[in-house]
Amino acid sequence: MLGYAVRRLLGAIPTLFLIITFAFFLMRVAPGGPFDRERTLEAKVLENLNRVFHLDKPVWEQYFYYLGNLARGDLGPSFIYRDFSVQQLLGNGLPVSIQLGGLALLVALLIGCLLGTVAALRQNSWVDYSVIAVATFGITVPNFVVAPLLSLIFGVWFSLLPAGGWNSPESLVLPVITLALPQVAIIARLIRGSTIEALRSDHVRTARAYGLPTRMIVVVHALRAACLPVISYLGPAAAALLTGSVVVETIFGLPGIGRYFVQGALNRDYTLVMGTVIIIAVFVVIFNLIVDLLYAALDPRVRYD
């Protein structure tokens, strides 16, 4: 198992290299630059800024210069936030995004698994149809619609929760609900379908024939097999949630890395966007590895020898 994990991590290095290369040149191809403003800078000032940040050199030379700094763990300075480096900005924003995404993932797992299991046990009943309706609503309604509605209803009209900001634990409630809602819907549908299939499998029928309690059959035998599709889905989902949602963090004014990514892209802050892309790519690789290891732990047929 350890050897497999090491091989996967080493195999992820070329993938990360390709992502960094693609993102670097894609940012350079985009029109505009980090120092383009409504009020044009003087030619001498612009020349000095380009020289300080090595933007006066050819693109290929900038690329190898960036790779050299990255190999030393230096993500470079921010072009827009002049008093901060990219490491400092991401260091400030990453804990916020991890806290927000981690809570959303936990809520989605608990509620989604509960709803999906209940729907599977009450198949073709009003409970099942209600869960499917809620899941369909959660999947089809996008975050940029749910977030303003929740903020307007609970933050402005009823003043029950903060409409935005990062000032208290209550500030997390609306962003977590907004992030968790589509994940709850997806997990509930996955659990429902896989639980129905697991309950019809031969080993569950055998357990029923032996007279085992329904609770033990569902929890020990059926849910263990039913969790496998959810485990496979949680890799990219966890990476996306834990690195923050761009829309949610922007609407609620949260200082996470998703908000920095939006501001960096709009302002052509090359190094800030690159740093965010690298962080997201690393999370995707790590969580996909964790998913593979959990898959082997839950399914005895899977071995990484």
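How many helices and strands make up the secondary structure of the chain? In this predicted model, the secondary structure comes to 12 helices and 0 strands. Read along the sequence, the pattern is accordingly written α-α-α-α-α-α-α-α-α-α-α-α. Taken along the principal axes, the box filled by the C-alpha atoms is roughly 85 × 55 × 30 Å. The chain has 305 residues, of which 41% count as buried. The exposed area of the chain is about 16,600 Å², and 68% of this area is supplied by carbon and sulfur atoms. Contacts between residues at least 6 apart in sequence were also examined, and 75% of these join residues at least 24 apart.

Two helix pairs were examined in turn. The first pair consists of helix H4, spanning residues 86-121, and helix H11, spanning residues 257-266. The axes of these helices come within 7 Å and cross at roughly 130°. H4 and H11 are therefore oblique to each other, since this class takes in angles that are neither under 35 degrees, nor over 145, nor from 65 to 115. On the H4 side, the contact is made by Leu89, Leu90, Gly93, Leu94 and Ser97. These residues meet Ile257, Gly258 and Tyr260 in H11. By residue class, the contact of H4 with H11 divides into 5 nonpolar and 3 polar residues, with no charged residue.

The second pair is formed by helix H5 (residues 126-140) and helix H7 (residues 173-199), whose axes come within 7 Å and cross at roughly 140°. H5 and H7 are therefore also classed as oblique to each other, because an angle has to be over 145 degrees to count as roughly antiparallel. The crossing of H5 and H7 is left-handed. In H5, the residues in contact are Asp128, Val131, Ile132, Ala135, Thr136, Phe137, Gly138 and Ile139. Their counterparts in H7 are Leu181, Pro182, Ala185, Ile186, Ala188, Arg189 and Arg192. The contact of H5 with H7 comprises 10 nonpolar, 2 polar and 3 charged residues.

Two further residues of H7 were considered individually. Thr195 lies in this helix and has a relative accessibility of 0%, so Thr195 counts as buried. Leaving aside residues up to four places away in sequence, Thr195 touches Ala120, Leu223 and Ala226. Glu197 also lies in H7. In contrast to the buried Thr195, Glu197 is exposed, because its relative accessible area is 61% and the cut-off for exposed residues is over 50%. The C-alpha atoms of Glu197 and Ala225 are 9.2 Å apart in space, while the two residues are 28 residues apart in sequence.

A buried position was also examined in helix H6, which spans residues 143-157 and contains Ser151. The relative accessible area of Ser151 is 12%, so Ser151 is buried, the limit for this class being under 20%. When residues up to four places away in sequence are not counted, the residues touched by Ser151 are Val156, Ala163, Leu174 and Phe252. One of these, Leu174, falls within the residue range 173-199 of helix H7.

Terms used
Residues numbered from 1 in each chain as written. Predicted model: local features only at pLDDT ≥ 70, side-chain atom pairs only at ≥ 80, totals over all residues. Heavy atoms only, no water. Helix = DSSP H or I, 4+ residues; strand = E, 2+ residues; numbered from the N terminus. Buried < 20%, exposed > 50% of the residue type's maximum accessible area, 1.4 Å probe, protein only. Contact = heavy atoms within 4.5 Å. Axes fitted to C-alpha atoms, helices over the stretch in contact; angles between N-to-C directions. Left-handed = near helix turned anticlockwise from the far one by under 90°. Nonpolar A, V, L, I, M, F, W, Y, C, P; charged D, E, K, R; others polar. Areas by Shrake-Rupley, 256 points an atom, 1.4 Å probe, with all protein chains shown as cover.
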